[in-house]
Amino acid sequence: MCADRDFAHGAAAGLLGDLLLGDPRRGHPVAAFGRAAGAVERVLWRDHRGWGALHAVVCAGGAAGAAVLVSSLVRDSRAASVALTAASTWAVVGGTSLGREARAIGGALAAGDVEVARERLPHLCGRDPRSLDADGIARAVVESVAENTSDAVVGALVWGAVGGVPGLVAFRAVNTLDAMVGHKSVKYRRYGWASARLDDVLGWPGARLTAVLAAAAGDAPRGALRAWRADAAKHPSPNAGPVEAAFAGALGVRLGGTLSYGGRVEHRPVLNTGGRAVEVADIERAVRLSRRVGLLALGVAAAVSTMRKGGAS
């Protein structure tokens with residue numbers, strides 16, 4: 001039963017490290033992976049799904065394979081195993097940096113400086129800030145906090161509970177590839193298809209757990225569950241839908257509607273139609289909810305790891 005305790009202790013230490021330190025300003029492992037994936041893309045890119053699938057296999061498979069190798073080297077040392085899990089967890093989760101960026105935008109909006117908020121928004125999400133007023137920016141921030149709670153925290157912990165350090169690393173690698181090539185631009189519509197679909201598959205359990213925990217940790221559990229049930233399937237993303245709908249219900253606000261990505265306008269269905277419009281103060285509420293969800297997810301991941309290892313023994 002040591003292995004399950006190793007994961008629980010290491011993941012807790014890694015999440016604490018993220019809470020205290022956030023992401024490093026230089027030398028972040030995820031940034032290094034992104035540069036390596038970009039180099040692979042420059043060699044492999046073709047306007048073809050098969051080449052894109054090869055790109056996903058080489059990059060995500062290589063990262064996961066390296067994690068398997070390093071994990072095997074420290075298997076006999078409990079201290080080293082805990083340390084590796086802690087370092088990996090700290091490297092792949094990004095809840096604190098997410099909250100800091102959201103609060104920075106919220107602070108600019110509260111001070112009435114919409115231009116500064118527009119300048120900072122691309123650091124948080126891919127929306128076109130030029131088309132957004134203060135209320136639109138606030139809504140974009142809340143939606144991004146909701147979606148990234150799943151992508152940057154809960155999903156990683158879920159796969160860490162299932163697969164240890166390789167699970168943590170593989171999830172983050174796939175999520176990063178999706179951000180790099182998984183969008184529906186002319187260049188990546190075919191090449192990024194495999195990365196996007198793989199991200200949908202790996203993100204499925206974390207998104208549902210995030211929605212459940214948002215309902216449990218929010219101010220309106222019934223409202224969160226009702227919005228999830230009624231509106232999640234309307235969202236074009238199979239994983240962002242449940243998360244954003246649950247956050248909308250938990251916060252009592254409306255999300256969705258018209259938005260713009262790189263000049264491409266999308267008209268998305270409204271989530272939690274009975275809620276009120278998003279206000280600047282809701283950014284702080286969303287960040288606090290995200291943090292509570294992350295802490296609850298740590299407990300769930302530790303329990304899953306314990307049950308998995310206990311069943312295996």
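**Exercise 1. The lining of the largest cavity**

By class, the residues that line the largest cavity are seven nonpolar, five polar and two charged. Keep in mind that this is a predicted model. Your task: work out which helix gives the largest share of this lining, and which residues lie nearest the centre of the cavity.

*Solution.*
- Step 1. Start with the count: one cavity of 30 Å³ or more is found, and the largest cavity holds about 160 Å³ of space.
- Step 2. Turn to the lining, which is made up of 14 residues. Nearest the centre of the largest cavity lie Leu 19, Gly 95, Thr 96, Ser 290 and Arg 291.
- Step 3. Look for the helices behind the lining. At least two lining residues come from each of helix H1 (2-21), helix H5 (95-110), H7 and H11.
- Step 4. Pick out the main contributor: H11 supplies five residues, the largest share of the lining.

**Exercise 2. The two sides of helix H2**

Find out where around the axis of H2 its buried residues lie, and which exposed residues are on the face turned away from them.

*Solution.*
- Step 1. Check the length of the helix. H2 has 16 residues, and from its first C-alpha to its last it reaches 22 Å, close to the 22 Å expected at 1.5 Å a residue.
- Step 2. List the buried residues of H2: Val 30, Phe 33, Gly 34, Ala 37, Gly 38, Glu 41 and Leu 44. These residues cover an arc of only 140° around the axis, so they sit on the same side of H2.
- Step 3. Recall the general geometry: with 3.6 residues a turn in an α-helix, residues three or four places apart point the same way.
- Step 4. Now view the other face. Turned away from the buried side of H2 are the exposed residues Arg 35, Arg 42 and Val 43.
- Step 5. Ask what the buried side meets: the buried residues of H2 pack against H3, H4 and H7.

**Exercise 3. Neighbours of helix H3**

Name the helices that the buried residues of H3 pack against, and say whether Gly 65 in H3 is buried or partly exposed.

*Solution.*
- Step 1. Take the helix as a whole. H3 (residues 49-73) has 25 residues and spans 36 Å between its first and last C-alpha, close to the 36 Å expected at 1.5 Å a residue.
- Step 2. Collect its buried residues: Gly 52, His 55, Ala 56, Cys 59, Ala 60, Ala 63, Ala 64, Ala 67 and Ser 71.
- Step 3. Follow them to their partners, which are helix H2 (29-44), helix H4 (78-92), helix H7 (134-181) and helix H8 (193-217).
- Step 4. Consider Gly 65, which also lies in H3. Its relative accessible area is 37%, so Gly 65 is partly exposed.
- Step 5. Add a link across the sequence: Gly 65 and Pro 166 are 101 residues apart along the chain, yet their C-alpha atoms are 7.4 Å apart in space.
- Step 6. Visit one of the partners, H4. H4 has 15 residues and reaches 21 Å from first C-alpha to last, close to the 21 Å expected at 1.5 Å a residue. Its buried residues include Ser 81, Val 82, Leu 84 and Thr 85.

**Exercise 4. A loop residue, Asn 272**

Decide whether Asn 272 is buried or exposed, and which residues it touches.

*Solution.*
- Step 1. Place the residue: Asn 272 belongs to the loop between strand E2 (264-271) and helix H11 (281-312).
- Step 2. Apply the cut-off. Buried means under 20% relative accessible area. Asn 272 has 12%, so it is buried.
- Step 3. Leaving out residues up to four places away in sequence, find its contacts: Ala 227, Asp 231, Ala 248, Gly 249, Gly 252, Val 253 and Arg 254.
- Step 4. Compare chain and space: Asn 272 and Ala 250 are 22 residues apart along the chain, with 9.6 Å between their C-alpha atoms.
- Step 5. Finish with the backbone. Phi of Asn 272 is near 60°, a positive value in a residue other than glycine.

**Exercise 5. Two partly exposed residues**

State where Arg 226 and Asp 133 lie.

*Solution.*
- Step 1. Arg 226 is in helix H9 (residues 221-231). At 49% relative accessibility, Arg 226 is partly exposed.
- Step 2. Asp 133 is in the loop between helix H6 (114-120) and H7. Asp 133 is also partly exposed, at 46% relative accessibility.

Notes. Residues numbered from 1 in each chain as written. Predicted model: local features only at pLDDT ≥ 70, side-chain atom pairs only at ≥ 80, totals over all residues. Heavy atoms only, no water. Helix = DSSP H or I, 4+ residues; strand = E, 2+ residues; numbered from the N terminus. Buried < 20%, exposed > 50% of the residue type's maximum accessible area, 1.4 Å probe, protein only. Contact = heavy atoms within 4.5 Å. Expected span 1.5 Å × (residues − 1). 1 Å grid on protein atoms, 1.4 Å probe; cavity = no way out; pocket = protein on both sides within 12 Å on 5 of 7 lines; lining within 4 Å. Points joined across faces, edges and corners; volume = space filled by probe spheres on them. Nonpolar A, V, L, I, M, F, W, Y, C, P; charged D, E, K, R; others polar. Arc of directions from axis to C-beta.
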